[in-house]
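Colleague: I would like a close look at one part of this model. Please take the side-chain contacts there in turn, and then set them in the context of the whole chain.

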Amino acid sequence: MAVLAWLSIPVVAGVLATVWATWAARPPRAMTDPSSLAEHERFRAAMERSTGARD
C-alpha cells in the first residue's frame, strides 16, 4: 500500500503539470472583439482624465 502512495505523488504531479502546460500554451484572446476595444477605450479615457491640478 505504501508503494501506491509513493507512486501516486509523481502521477498527480504529472497530471497537474500537463494541465498547467495546456493552460499556459492556450492562444491569447482575440483583440478584435468589440467589447475588448470598448474596454480599452474606457481605460484610455480614465487615464486621460485629470484627478486634480498639480502646478
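In which helix do Arg-44 and Glu-48 lie, and how many residues apart are they?

Modeller: The model is a predicted one. Arg-44 and Glu-48 are both found in helix H2, four residues apart, which is about one turn of the helix. Their side chains meet in a salt bridge, with an N to O distance of 3.7 Å. Through shared partners, salt bridges join Glu-41, Arg-44 and Glu-48 into one network.

The other contact in this network is between Arg-44 and Glu-41, whose side chains form a salt bridge at 3.6 Å, N to O. This pair also belongs to helix H2, which covers residues 34-48, and its members are three residues apart, again about one turn of the helix. The spacing of both pairs can be read against the geometry of the helix. An α-helix has 3.6 residues a turn, so residues three or four places apart point the same way. In the structure as a whole there are two salt bridges.

The three partners can also be described by their accessibility. Glu-48 counts as exposed because its relative accessibility is 60%, and the cut-off for exposed is over 50%. Arg-44 has a relative accessible area of 39% and is therefore partly exposed. Glu-41, with a relative accessible area of 44%, is likewise partly exposed.

As for the setting, the protein has two helices and zero strands. Helix H1 spans residues 2-24, and Val-15 lies in it. For the 23 residues of H1, a rise of 1.5 Å a residue gives an expected span of 33 Å; the end C-alpha atoms are 33 Å apart, so the two values agree. None of these 23 residues is buried, so H1 lies largely in the open.

Val-15 also contributes to a surface feature: together with Val-11 and Val-19, Val-15 makes a nonpolar patch of about 270 Å².

The totals for the chain complete the account. Of the 55 residues in the protein, 2% are buried. The exposed area of the protein is about 5,500 Å², and carbon and sulfur atoms supply 69% of that area. To return to the part you asked about, Arg-44 takes part in a salt bridge with Glu-41 and in another with Glu-48.

Terms used
Residues numbered from 1 in each chain as written. Predicted model: local features only at pLDDT ≥ 70, side-chain atom pairs only at ≥ 80, totals over all residues. Heavy atoms only, no water. Salt bridge = Lys/Arg side-chain N within 4 Å of Asp/Glu carboxyl O. Buried < 20%, exposed > 50% of the residue type's maximum accessible area, 1.4 Å probe, protein only. Patch = residues over 30% accessible without salt bridge, like charges linked within 9 Å, V, L, I, M, F, W, Y side chains within 5 Å. Areas by Shrake-Rupley, 256 points an atom, 1.4 Å probe, with all protein chains shown as cover. Expected span 1.5 Å × (residues − 1).
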